[in-house]
Every structure is written in C-alpha cells, then in structure tokens.
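Biologist: I am new to this model. Please pick one part, look at it closely, and then lead me outward to its surroundings.

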Protein chains: 2
Amino acid sequence: MHNWLGSKGYPLDMTPLQPAPAAEDDWLRLDHQICFSLHAASRAFNGVYRVILKDLGLTYPQYLVMLVLWERGELPVKKLGEHLRLDSGTLSPLLKRLEAAGLVRRERSARDERSVQVGLTEEGSALRERARQVPRRIAAATGCDVEEIRTLRERLDELTTALDAAALQEAPGCS
Amino acid sequence: MHNWLGSKGYPLDMTPLQPAPAAEDDWLRLDHQICFSLHAASRAFNGVYRVILKDLGLTYPQYLVMLVLWERGELPVKKLGEHLRLDSGTLSPLLKRLEAAGLVRRERSARDERSVQVGLTEEGSALRERARQVPRRIAAATGCDVEEIRTLRERLDELTTALDAAALQEAPGCS
DNA sequence: CACAATTAAGTTGTGCACAACTGGTTGGGG
DNA sequence: CCCCAACCAGTTGTGCACAACTTAATTGTG
C-alpha cells in the first residue's frame, strides 16, 4: 500500500487559483469533486478489503460472490449476475478462479443446458466461518457507527437508482 | 448498456429468509449492503460518464486526468498521481494513450531526468470547451441538487480518509 | 414440424487498479 | 571521490469491468 498521506491528512487541495471563476468553471470544479470523491472512496474501500481478505485468499469481487452464495445457496450464473449487477463477461472467469480454488462448484443444469448452476463446495461453505470476522473489521475501519453506515448506504442506493435510470435515458437510440 | 432494471426499480432484494439471524450473521448482511452499495454506485457513475464522455473520446479516468491538467496546467507525473491517488503503474499507460490521442505532451525534465512533465497540447486545451457541458449533464443524471451533492461528497471524503488511515493500521508489519 | 427470435454462458479485446519489479538519476554520507 | 540509499517513471503480471461477439439451447410462431 502506498503512503498517500505522506504530507498531511488529506492530499487533495483543489483550492481555486483564480479569484472568481465563471459559473461553468465552478460547475467543472464541483463535478470534479463528486465524481472524484466517489471514485476515491470506492478504491479506498477496495484497499481495506484487499488487506483484510488476503487471509481468506479472496479478492473483493470474489468476496461479494461468496456473500451471495452463503446467503442464497446454489443459483444460476444469471441470478448471481442480477444480484451483483455483473454480466457473464465478468462472472465467468471469476467463477472459474473460485472453482480452481476449490470454493465453488459449477455444473450445467440438466433441465436447461444453457444455464449453469453455481454452488458452494464443502470448503466454500466452511470459509463462511472464517469470514465472520470481516464485517466488524471493515466497520471499524470506516470509523462510523451502524446508523451512519445505513444512512450513507441509502443515499448511495438512491444515487445508483437515479444514475441507472439516467444511463438508459442517455443511451444512444433514445430520441 | 444492460437493462438491470428489467423487473422493477431496484433489483436488489436481500430480504432475509431466516427468521432471526444471529448477531454476526446480521453484521455479515449489513456489511454486504454497504460495501456492495458503494461498489454499485461507483460503477453506476462510471456507466453514466462512459456514455457522456464518449463524444469527447475520453474514458472516466482519462477525464479525471484532463480535469487536473485543465485546472493545474503542466505538472510532473508524480504530482498528478498525488492529486488522483494513482501510481505510475496506472498513469504511465493512461498518459501514453492520451499522448497517442494528441491531447497531452510528455517530456523528461531537463533539470531532473527522473521526472516527466505532463502538459496539454493545443488540442488538449481546446477540448476543455467541449467538456464544459459534462458537469451539468452528470448533475442532472444524479437527480440531486448542488447542496445534496456537496453533502454526499463530504461524507465520502471523510470515509476515504478514515479508510486510508485504517489501511495503514491494517497493513502487515504493524505490531 | 421447421425456422426465426430469444436466452444463457462463454470468449475476445480494451482499459483501469495495483503489487512487485526494473532501470536510470540524484544526492548524501563515508 | 565513490558508493549506496532514495527517488521517479516505466514494465510486467493478475484481476476486474464492460462492450461486442460467438455458440448452443430453448421457445414461439407459422
């Protein structure tokens, strides 16, 4: 991990150099802040998970997959993708790696041979026990109490819903 | 773009199937929510930017680099990385692509040949004009007003600071 | 039944993030 | 003066995200 905090606290000081920027320049700066903040927060979270999950031999997206499997049990790749908002292009190689690690079992459905059922192996189920400590360590790392986390999560979910709707609007082919 | 909203509004319904989960299972679920929400929000943002930035021929991280250059002017790769929290492993190939696109100029500093100065080309500076419309479109996509965005950004920055600090604590080699 | 449209998973290619490493450059002790 | 530690950019390798495409199975309709 790099020492981004080398100088002092928060390394980003985007203080304006010009006295009174035009309205649009102001927007540009504000925009920088929100998109950048989210990007940075996501990567910071990823970094903490990376450290904590190293013991378990999982990456952050792999951990998300395992959480769904622990909670839901066996389910097809399609369903897994709907829960995680990921498509087969991302999940296929990821699941193959989990399979190679012996945590996951993949088998074609007999009833519909297009579908592949993903389930836990003995070892994959057992890993859940070792994963129980993870949430507490993450919560501690955020320095927030449960209520704060819940509020933030709700705001983020609202944002995601709005952004998804907007993406469909913005998508090419919408007159 | 995939139609993740196929069924209705928000596709994630992680309602518990068991009646009264143990405290640690509850933590596991809560944890799922926050880490997943942030992950999803980040990718949703990325998706909106992807659509909007396609006109400019920029990816989201490339746009972030250009924002810094527009605001700060010429600066070494190191400084650029500090502003964006990215290292040379990410920036070097990204900057080469921007250079190949004719937007950016890279040259070794004469005074310190370890350092590479990154600056805008004529074309790179000109692109700023076309980028002015971006923030408004993004803000519209979020469906939030300026104040809401500012509040969320502040929460995210706090979170990032806390997480970075925690990552250093968790890092191996800390007794 | 036949055949076109749809659906599921997988593959390919591009780009980003990051760890680990390489190769010059610089600057400070011995 | 020389060597070595620190430093900067770049390279390599792994994994994720996503668009575009392929392959195979299923479903619907004439």
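Modeller: β1(A) and β3(A) pair in the antiparallel sense, over two bridges. Two strands count as paired if DSSP finds at least two bridges between them. Helices and strands here are DSSP runs, numbered from the N terminus: a helix is H or I with at least four residues, a strand is E with at least two. Strands of a sheet pair through backbone hydrogen bonds, either parallel or antiparallel.

A word on the model itself. It is predicted: local features need pLDDT of at least 70, side-chain atom pairs count only at pLDDT 80 or more, and totals for chains, interfaces and linings use all residues. Residues are numbered from 1 along each chain as its sequence is written, chains are lettered from A and ligands numbered from 1 in the order in which they are written, and side-chain values use heavy atoms, with hydrogens and water left out.

Now the partners. L75(A) stands opposite V118(A) of β3(A). On the β2(A) side, the pairing is again antiparallel, with five bridges to β3(A), residues 116-120. R106(A) has V118(A) as its bridge partner in β3(A). R105(A) has G119(A). So what order do the strands take? The open sheet of three strands in chain A runs β1-β3-β2, with antiparallel pairing. β1 (75-76) and β2 (104-108) are the edge strands, each pairing on one side only.

Is β3(A) buried or exposed? Five of its five residues are buried, so β3(A) is largely enclosed by the rest of the structure. Buried means under 20% relative accessible area, exposed means over 50%, and partly exposed lies in between (1.4 Å probe, protein chains only). Both faces of β3(A) are covered. V116(A), V118(A) and L120(A) are buried on one side, Q117(A) and G119(A) on the other.

Step back to the chain. Chain A has seven helices and three strands. Along the sequence they follow the pattern α-α-β-α-α-β-β-α-α-α. Of its 175 residues, 49% are buried. Take the contacts (heavy atoms within 4.5 Å). Among those in chain A between residues at least 6 apart in sequence, 48% join residues at least 24 apart.

The edge strand β2 of chain A also leads to the DNA. Which residues come closest to strand C? They are K78(A), S88(A), R106(A), T90(B) and R97(B), among 29 residues that surround the strand. Sugar and phosphate make up 77% of the atoms of DNA strand C that come within 4 Å of the protein. That cut-off also defines near: a residue qualifies if one of its heavy atoms lies within 4 Å of the molecule or strand.

R106(A), then, is both a bridge partner of V118(A) and one of the closest residues to DNA strand C. Other residues reach phosphate oxygens of that strand. A polar contact is a pair of N or O atoms within 3.5 Å; within protein, one must be able to donate a hydrogen and the other to accept it, and residues adjacent in sequence count only if both atoms are side-chain atoms. A polar backbone atom of V77(A) is 3.2 Å from a phosphate oxygen of DNA strand C. For an N or O atom in the side chain of T59(B), the distance to a phosphate oxygen is 3.0 Å. For a polar side-chain atom of Q62(B), it is 3.1 Å. The elements that give two or more residues to this surface are α1 (23-53), α3 (77-84), α4 and β2 of chain A, together with α2 (60-72) and α4 of chain B. By class, the surface has seven nonpolar, ten polar and twelve charged residues. Ala, Val, Leu, Ile, Met, Phe, Trp, Tyr, Cys and Pro count as nonpolar; Asp, Glu, Lys and Arg as charged; the others, Gly among them, as polar.

DNA strand D is surrounded by 29 residues, with T90(A), R97(A), H39(B), S88(B) and R106(B) the closest. Here sugar and phosphate account for 79% of the strand's atoms within 4 Å of the protein. A polar side-chain atom of R106(B) lies 2.4 Å from a phosphate oxygen of strand D. One from Q62(A) lies 3.1 Å from a phosphate oxygen. S88(B) points to a base instead: its polar side-chain atom lies 2.6 Å from a base nitrogen of strand D.
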